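Okay, thanks everyone. I'd like to walk you through one pair of helices today, and then step back to the chain they sit in.

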Amino acid sequence: LSEEGAAARLVRPDLRGVIHAAGATEDRLVDSLDAEAFARALGAKARGAIQLDRATRDLDLDFFVLFGSASALLGAPGLAAYGAANAALAAIARGRRARGLPAVAIDWGYWKGLGMAAAAPARRLLEHLASQGLSSFDEAGGLAVLERVLGGAPARVAAIPFDPIRARAAIPAGSEPPLLAEILADAAGPEEPIRADLEASEPARRRDLLIDHLRRRV
């Protein structure tokens, strides 16, 4: 059965939405990758998403969700092909949006204990990432994010539990991923003496002072 035929068998006229969560990793460093390894990583992710897109273009879907990975944004040792496959999902989502069709690609952080994150190598990676401020979702937290995304989101969304204070302490300055550089620079900025200001102010003014402080931080 061809890829087109396999996707077509999944589609029914009354289909209301698609969540594409398939994937395959190729755990190897860049210098050991070859065309076959890239093809395996791209197959389930990118080619599968393309075929689902083609098979559903004439349907009035409520949602078309592509489960990607934060590895497409932050990189991950040994996951170059997997990261590339996930990055392709954003292009597919943007292409659908340009045609007026629903689509969102979510660059997920890890879901703890589920899917690929349940394997032993992934657990070791999770521990390493947690030490750098990148924690994982539990099932309830991930589903809450998904519900929010389904309520309306750009074509590409990053969903990554992140502690900038811990990351600032763990990642040497200048070696942080570009996506996180601005966040970490902000986290490294001088602390505003908000507590001292609140304690020194009249109680009736504290609420306004706190609101102004939060607005500046945001």
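Let's start with the pair itself: helix H2, residues 35-56, packs with helix H4, residues 80-98, at an angle of about 15°, and their axes are 7 Å apart. Keep in mind that this is a predicted model. Anything under 35 degrees counts as roughly parallel, so H2 and H4 are roughly parallel to each other. The crossing, as H2 passes H4, is right-handed.

So who is touching whom? On the H2 side you have Phe38, Ala41, Leu42, Lys45, Ala46, Ala49, Ile50, Asp53 and Thr56. They meet Ala80, Ala81, Tyr82, Ala84, Ala85, Asn86, Ala88, Leu89, Ile92 and Arg96 from H4. Sort that contact between H2 and H4 by class and you get 14 nonpolar residues, two polar and three charged.

If the spacing of those numbers looks familiar, here's the reminder: an α-helix has 3.6 residues a turn, so residues three or four places apart point the same way.

Now let's stay on H4 for a bit. Does its length add up, or is it off? Well, H4 has 19 residues, and at 1.5 Å a residue they should span 27 Å; the C-alpha atoms at its ends are 28 Å apart, which agrees.

Which residues of H4 are buried? Those are Ala81, Tyr82, Gly83, Ala85, Asn86, Leu89, Ala90, Ile92, Ala93 and Arg96. And H2 is one of several partners here: the buried residues of H4 also pack against strand E2 (63-69), helix H3 (71-74), strand E3 (104-108) and strand E4 (156-159). Just past the end of H4, have a look at Gly100, which takes a positive phi of about 80°.

Okay, zooming out. The chain has ten helices and four strands, and from the N terminus the order goes α-β-α-β-α-α-β-α-α-β-α-α-α-α. Of its 218 residues, 33% are buried. Take the contacts in the chain with a separation of 6 or more, and 70% of them come from residues 24 or more positions apart.

Last stop, back towards the start of the chain: Ala6, which sits in helix H1, residues 3-10. Buried means under 20% relative accessible area and exposed means over 50%, so Ala6, at 34% relative accessibility, counts as partly exposed. Its C-alpha atom is 8.6 Å from that of Gln51, with their positions 45 residues apart along the chain. And Gln51 falls within residues 35-56, our H2 again.

Terms used:
Residues are numbered from 1 along each chain as its sequence is written. This is a predicted model: local features need pLDDT of at least 70, side-chain atom pairs count only at pLDDT 80 or more; totals for chains, interfaces and linings use all residues. Side-chain values use heavy atoms; hydrogens and water are left out. Axes are lines fitted to C-alpha atoms, for helices over the stretch in contact, and angles run from 0 to 180 degrees between N-to-C directions. Helices (H or I, at least four residues) and strands (E, at least two) are DSSP runs, numbered from the N terminus. Angles under 35 degrees count as roughly parallel, over 145 as roughly antiparallel, 65 to 115 as roughly perpendicular and the rest as oblique. A crossing is left-handed if the near helix is turned anticlockwise from the far one by less than a right angle, and right-handed if clockwise. Contact means heavy atoms within 4.5 Å. Ala, Val, Leu, Ile, Met, Phe, Trp, Tyr, Cys and Pro count as nonpolar, Asp, Glu, Lys and Arg as charged, and the others, Gly among them, as polar. The expected span of a helix is 1.5 Å times one less than its number of residues. Buried means under 20% relative accessible area, exposed over 50%, partly exposed in between (1.4 Å probe, protein chains only).
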